[in-house]
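Colleague: Could you pull up the model so we can go through how its helices and strands are arranged?

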Amino acid sequence: MLIDHYHQVRQHSLLLAEPLSDEDCGAQSMPDASPVKWHLAHTTWFFETFILESMEAAFAPFHPAFRVLFNSYYNGVGEKHPRAQRGLLTRPGMAQVRAYRANVDARIARLLAGELARDARERLTMLLALGLEHEQQHQELLLTDVKHLLAQSALFPAYLNNALDSAPDSAPDSAIAPAQEHAQPTAWLAFEGGLAQIGHAGDGFCFDNELPRHPQYVAPFELASALVTNGEFLAFIEAGGYRTAHLWLAEGWDWVRTQQLACPLYWQCDEAGHWQEFTLFGLRTLDPQAPATHLSLFEADAYAHWAGARLPTEAEWEVAAQGVDMQVGRLHPQAGAPGAGLRQMFGHCWQWTSTSYAPYPGYRTAPGALGEYNGKFMLNQYVLRGSSCATPAGHARASYRNFFPAGARWQFSGIRLARQVE
């Protein structure tokens, strides 16, 4: 039932916050990240603002100021608290945010249980589906934002201990798996290309940026069977990849030099030359066989040039992903398991494509404030495909279009290589 799914998704957000202190939940490590407390309140604001405000009889807000405090980017709703200052919101505290969630959840349950006209019931069902998918997006953001926050401390504190009984209930296998003694080598898999149908198909949920489904010509291409590993990316570093200008896009080279970067986010090398990586389980020895992650588009593109390959287009990625099994992540990318065909398409790292984020032919923005969900961000961003080790179960699909600016790397983003068939 819909109400059961609603409570399951809502409860999972609270479970993700359980390993954290109230101090953890209120801090903001950078403007692109948000405090856990804000994520928990904003996802609740979504249901209150877009459902209860228009559909609940005698609606009254839980707190009038929350309309501004927890609005993210919806200009059609009204004023917003500055994004970079979300960590300054010491009030409300976590207890009041939890009370806010409980209040809105009870009101949503009453609305679902009540009598509604058919068109109102259909609209409620649609808005609930969108709100739950939106909350699952924030569950992933919550984890990546927490990781960035904890990485700022010289203590390198773990979000979770490497133990099965420490993990939130929907990620029972969240401990980092040991590296395999003999990793399966990456192979090149050929795809014939031709006229393909791209975009969401079927009756299940999708975001508006996955529509409309449309024909797209794809030239014959090859795709790497697995993601680029830490060991492979380390070879790029040791070959001087971060110091070789001709490998980089012009803006990427300026970005590297301005930020004085020499390795992926969360990597560090000790005095003995041993590489380590900060994870949600704390600081760990870098696993050479696990996928390299937390890479920007600039780094992914430079590596692809160094490797004599390129990044796939999003159409190529979607063509290749048809029929590939979905995998649920384990809060850190895992080394590739043995097997033929494409591996690590889902549940490890979002995979950069060379495709700028733009509307599909025939795309139409939804009316009202909800039309701001995706359409207004279709500029100066690139598409990533797949899902990550932090993506909630059931949230991934082959047509899903994630998007970030070229310099973003605090998300679990990695590299899958492609090349043209000669």
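Modeller: Sure, let's start with a helix over a sheet. Helix 7 (residues 230-238) lies across strand 5 and strand 6, where helices (H or I, at least four residues) and strands (E, at least two) are DSSP runs numbered from the N terminus. This is a predicted model, where local features need pLDDT of at least 70, side-chain atom pairs count only at pLDDT 80 or more, and totals for chains, interfaces and linings use all residues. Residues are numbered from 1 along each chain as its sequence is written, and side-chain values use heavy atoms, with hydrogens and water left out.

Colleague: At about what angle does helix 7 run to strand 5?

Modeller: Axes are lines fitted to C-alpha atoms, for helices over the stretch in contact (heavy atoms within 4.5 Å). Angles run from 0 to 180 degrees between N-to-C directions. For helix 7 against strand 5, that gives about 60 degrees.

Colleague: Which strands stand at the edges of the sheet with the order 5-6-7?

Modeller: That sheet is open, with three strands in antiparallel pairing; two strands pair if DSSP finds at least two bridges between them. Each edge strand has a single partner, so one side of it is left without a neighbour in the sheet. The edges are strand 5 (267-269) and strand 7 (282-285).

Colleague: And what is the bridge partner of Thr279 in strand 7?

Modeller: Strand 6 (residues 275-279) pairs with strand 7 in the antiparallel sense over four bridges. Thr279's partner there is Gly282.

Colleague: In the open sheet with the order 1-4-12, which residue in strand 4 stands opposite Phe191?

Modeller: The pairing in this three-strand sheet is antiparallel, and strand 1 (188-191) and strand 12 (418-420) are its edges. Strand 1 meets strand 4 (residues 221-224) over four bridges. Opposite Phe191 stands Phe221.

Colleague: How do helix 1 and helix 3 lie, roughly parallel or roughly antiparallel?

Modeller: The axes of helix 1 (residues 2-17) and helix 3 (residues 36-55) come within 10 Å and cross at roughly 165 degrees. Angles under 35 degrees count as roughly parallel, over 145 as roughly antiparallel, 65 to 115 as roughly perpendicular and the rest as oblique. That makes the pair roughly antiparallel.

Colleague: How confident is the predictor, as a mean pLDDT?

Modeller: pLDDT is the predictor's confidence in each residue, from 0 to 100. Residues 163-167 fall below 50, and residues 170-174 stay under 50. Still, 95% of the protein's residues reach 70 or more, and the mean is 93.
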